[in-house]
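Here are some short exercises to work through with the model in front of you. Try each task before you read its solution.

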Amino acid sequence: MNKNTKNYKELISNKKMTSEGILFREHLLSILGEEGAEVIQAISKANRFGIHTTESNNKDEPNNSEKIVQECYDFIAVLEMLIEIEALPKLNESDIETWKQNKKERRLCLLIKIVGERKEDYFKL
């Protein structure tokens, strides 16, 4: 257990409050929701303005595809914090891979219905 995990667990076990008077676990759950909304916003901007565009002409600024990935990792970071403090269950790697594969297959089947193409054609992507 690393030092940060110990600190998170200590905050939970002692029912520590944030400066706003919210329990730490509930605070993290709120942040997780906010991070999810930021993922949605980044995706919406990419759909609206183009996946490889930036908001300004600054080439050092991440483009919309990079922002989507950054926001997803922000979401994952908070999700991992919630798992570390045992507010959410931890899945083993095998279960995670199975879950992801099933999700991909369900999405692929839906896409095939919409587009009318064969499944094998999409595995080439």
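**Exercise 1.** Work out whether Lys-100 is buried or exposed, or in between, and find its salt-bridge partner.

*Solution.* Step one: Lys-100 has a relative accessible area of 39%, so Lys-100 is partly exposed (buried means under 20%, exposed over 50%, partly exposed in between, with a 1.4 Å probe and protein chains only). Step two: Lys-100 forms a salt bridge with Glu-97, their closest N and O atoms being 3.2 Å apart (a salt bridge is a side-chain nitrogen of Lys or Arg within 4 Å of a carboxyl oxygen of Asp or Glu). Step three: Glu-97, at 43%, is partly exposed. Step four: the two are three residues apart in helix H4, so about one helical turn separates them (helices are DSSP runs of H or I, at least four residues, numbered from the N terminus).

A note on the model: it is predicted, so local features need pLDDT of at least 70 and side-chain atom pairs pLDDT 80 or more, while totals for chains, interfaces and linings use all residues. Residues are numbered from 1 along each chain as its sequence is written, and side-chain values use heavy atoms, without hydrogens and water.

**Exercise 2.** Find which residues salt bridges with shared partners join into one network.

*Solution.* Step one: Glu-55 and Lys-67 meet in a salt bridge at 3.1 Å, N to O. Step two: Lys-67 also bridges to Glu-61, at 3.4 Å. Step three: with Lys-45, these residues form one network. Step four, a check on exposure: Glu-55 is exposed at 53%, whereas Lys-67 is buried at 18%.
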